[in-house]
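Subject: Structure handover

Hello,

Here is the structure I promised to pass on. Please open it alongside this email. My notes follow below.

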Amino acid sequence: MENNVSREKNIMKIRLPIRIAGFAVLSFIISLSVIIYLRVELGLLKTQYVKIVEEYYPSLESVDTISRCVYSHQALVFHYMLNAEDVDKDEFYERIDGIEKTIFEELKKTNKSTKGTILEEYSHDVSADINAYFSNVDMALEFYEDGDEKTAIYYVEETLKNEVQTLNIDVEELNNLVNVNVREIRTNMRRILKMEEEVIVVAIIILMLSLIFSLIFCLKMSSDAVDRDNLTKVYNFDKLLEVCKKYLKKGKIEKYNIIAMSIKDFKLINQEYGSQNGDNVLKAYAALIASFVSKNEIVARNGADNFFVLKEKETTEEFLNKVLELRVHVIGDLEIPVFTRCGVCAFSTKYTIQDHISAALLSLEDARKSKHKDVFYFTDEDRQRVLKEREYIASFEQALHNEQFHVYYQPKVDLETNKIVGAEALVRWVIDGKVIPPFDFIPILERENKITKLDFYVFDKACQKIRDWLDRGIKPVRISTNFSKEHLSNENLAKELMAIVEKYDIPSRYIEVEITESSAYGSYDELARFVDEMKEHKIYVAMDDFGTAYSSLSMLMEIDMDVIKLDRSFLMRTGEGKLKDKKNRRMIEDILKMLHDLDKIVICEGVETQENVDFLKSIGCRFAQGYLFDKPIPEDEFIDKWLNNR
Ligand code: C2E
Ligand code: MG
Ligand code: MG
């Protein structure tokens with residue numbers, strides 16, 4: 001299904017530019033065809049035009065010459081008849097013959113050039129007019145030569161006048177016809193040229209529009225690529241922020257929830273199936289999530305398996321149901337189950353976008369820690385918690401300076417003698433007389449990278465107290481202090497610790513460092529180096545909370561710790577009525593045996609009952625720490641109850 005979704009998206013992406021290009025090519029071909037058609041039309045008109053110019057115009061010229069010759073002829077005839085006594089007859093006839101010859105030659109030309117054309121009929125008319133004119137002139141001259149001067153003159157004046165008029169009319173019509181034809185062709189040519197211009201303009205507009213569309217599309221595609229996560233192709237975190245800001249500006253952000261999502265134990269998927277398959281899971285998962293949201297909503301990835309969804313409040317429930325039912329299938333038969341955890345925060349305009357995102361992440365953290373629920377909504381209580389945390393962060397430095405951090409001591413007891421063998425220094429934050437337990441602020445300080453400062457402070461205070469006890473003649477016990485794993489990246493950790501030890505001149509047998517066992521170590525190199533350095537100074541290092549992480553055994557094998565503190569969760573699984581009590585007891589016994597075989601000093605944490613003590617004794621565990629003996633208590637109390645009471 002996820003493949004279909006992404007394939008469809010890809011096809012959509014390819015289809016649009018292909019359509020635009022196809023449209024541009026099609027309109028280009030159509031325009032070109034129209035232009036070619038118009039060019040052919042224009043060519044035909046041009047030929048027609050040339051033909052008219054070449055053929056009709058000479059005829060017109062001939063007709064014009066004929067018309068002028070007829071006028072001269074007519075004038076000569078009049079002149080001769082009116083002034084015969086002064087005119088040389090031979091010369092007259094010679095001139096008349098000359099003009100007639102020209103007329104007939106021109107007539108012949110006209111008849112020839114107009115043959116088969118629309119002018120043919122008119123040139124015949126002109127010929128007929130000329131012939132009629134000449135026969136009338138001949139008749140008039142005959143009357144004249146016969147001495148009937150009056151009839152001759154009359155003939156010339158009346159009859160000839162009519163013939164010449166007819167001739168003139170015909171010549172005029174011929175002229176008009178040619179001109180109309182020429183004008184019509186010219187108009188057509190102009191029309192075609194105009195049409196051609198229009199087609200070219202339309203074609204250019206279409207091409208330009210296609211180009212602009214393609215350009216916009218390409219720009220959109222490239223800007224889209226900038227907004228997308230490389231691996232999964234859903235949006236990236238920056239785009240999510242941009243959309244949130246936009247909705248906030250438009251006043252519609254309160255319609256939405258921000259959902260922080262992650263895949264349960266994604267690290268394990270990577271370890272078990274390989275990172276390539278891990279990537280495939282992420283891709284398939286992202287595509288599925290993206291198919292559950294609508295156009296105005298957005299799915300974004302913020303590295304690894306961290307996703308955010310901006311989802312309308314109304315449809316969030318439905319969305320979460322789908323997401324929680326998700327199972328992802330990857331490559332062929334390999335089916336990798338995927339379970340989601342979500343933290344949901346409803347947007348309101350009272351807080352910043354970043355506040356809401358942090359809130360969703362906090363709720364996701366709650367979901368991660370929970371064994372029963374996969375979705376957590378950010379509540380008002382959570383908001384109070386966040387405000388408190390902010391307060392802690394803001395006041396930490398000042399609190400350190402004002403010595404608001406107090407060190408409490410919890411004894412470690414030898415079960416055989418019931419005597420104190422050591423104590424753990426545990427920090428308390430005292431604000432206005434109220435004692436804040438470490439679980440409330442240590443995780444925050446760890447997150448804010450402030451924990452190392454506090455650890456050094458506690459270590460310094462513990463050393464200061466040991467020195468004080470020594471100076472006061474109170475025999476100290478070995479005091480262990482907790483060091484967060486954040487210290488291990490500090491190459492000078494051992495040196496810095498030793499500087500404090502030397503400052504107070506404390507014998508190394510009174511010092512122990514506890515480091516929490518954790519699956520979060522990339523490699524044990526740094527820890528191993530630190531333990532070795534401490535060994536050189538004869539200072540014990542203890543592995544705290546042993547058994548709570550995945551890597552307990554490998555850590556044990558790679559690092560030569562002196563003391564192992566069994567986490568109190570082991571004891572919590574024993575006791576009457578506890579599920580698998582017998583098996584758990586057996587397991588603790590075996591672990592203890594193994595640790596003794598490895599020459600480790602083992603201390604069991606969380607001893608709360610005599611039953612716990614009896615059990616531990618029965619399996620040979622010698623050292624214990626727990627409320628049964630004492631809670632962590634202030635220094636004065638610790639001195640009175642434990643150091644001065646041995
Ligand atoms: P931890 O180092 O494992 O310390 C033991 C915790 O278990 C202490 O809690 C102690 O009060 C509690 N505990 C001891 N016996 C019993 C018992 O019988 N039953 C129960 N339910 N709890 C018992 P606390 O003092 O609240 O400290 C909690 C954690 O905070 C410590 O766990 C340690 O990881 C951390 N922590 C305390 N002080 C410091 C410090 O100065 N630096 C660092 N980095 N972490 C510290
Ligand atoms: Mg501890
Ligand atoms: Mg512990």
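Which residues are the protein donors of the magnesium ion (ligand 3)? They are Asp544 (OD), Asp545 (OD) and Glu605, which is listed twice through OE. These donors lie 2.1 to 2.7 Å from the ion. Please keep in mind that this is a predicted model.

**The ligand 3 site**

Along the sequence, the donor residues of the magnesium ion (ligand 3) are spaced D-D-x59-E. The two aspartates differ in exposure class. Asp544 is buried, with a relative accessible area of 4%. That value is under 20%, so Asp544 falls in the buried class. Asp545 has a relative accessible area of 22% and is partly exposed.

**The ligand 2 site**

What are the protein donors of the magnesium ion (ligand 2)? Glu424 (OE), Asn482 (OD1), Glu514 (OE) and Asp544 (OD) fill that role. They lie 2.0 to 2.2 Å from the ion. Their spacing along the chain reads E-x57-N-x31-E-x29-D. Distant parts of the chain are linked here: Glu514 sits in strand β13 (residues 511-516), and Asp544 sits in strand β14 (residues 540-546). The two residues are 30 residues apart. Glu514 has 1% relative accessibility and counts as buried.

**The bridge**

Which residue bridges the two magnesium ions, ligand 2 and ligand 3? It is Asp544. The ions lie 4.0 Å apart. Asp544 therefore appears in both donor lists, that of ligand 3 and that of ligand 2, and it is buried.

**Surface patches**

Two patches are also worth a look.

The first is charged. Asp88, Asp90, Glu91, Glu94 and Asp97 gather in a patch of negative charge on the surface. Asp97 belongs to helix α2 (residues 89-113). Is Asp97 buried or partly exposed? It is partly exposed, at a relative accessible area of 46%. Patch residues need over 30%, so Asp97 clears that cut-off.

The second is nonpolar and covers about 830 Å² of surface. Its residues are Ile200, Val201, Ile204, Ile205, Met208, Leu209, Ile212, Phe213 and Ile216. Val201 is placed in helix α4 (residues 149-227). With a relative accessible area of 47%, Val201 is partly exposed. It also passes the 30% cut-off for patches.

When you open the file, start at Asp544, which bridges the two ions. Then turn to the negative patch with Asp97 and the nonpolar patch with Val201.

Best wishes

Conventions. Residues numbered from 1 in each chain as written. Chains lettered and ligands numbered in written order. Predicted model: local features only at pLDDT ≥ 70, side-chain atom pairs only at ≥ 80, totals over all residues. Heavy atoms only, no water. Donors = N, O, S within 2.8 Å, 3.2 Å for Na, K, Ca; no water. Buried < 20%, exposed > 50% of the residue type's maximum accessible area, 1.4 Å probe, protein only. Patch = residues over 30% accessible without salt bridge, like charges linked within 9 Å, V, L, I, M, F, W, Y side chains within 5 Å. Areas by Shrake-Rupley, 256 points an atom, 1.4 Å probe, with all protein chains shown as cover. Salt bridge = Lys/Arg side-chain N within 4 Å of Asp/Glu carboxyl O. Lys, Arg positive; Asp, Glu negative; His and termini not counted. Charge placed at Lys NZ, Arg CZ, Asp CG, Glu CD. Helix = DSSP H or I, 4+ residues; strand = E, 2+ residues; numbered from the N terminus.
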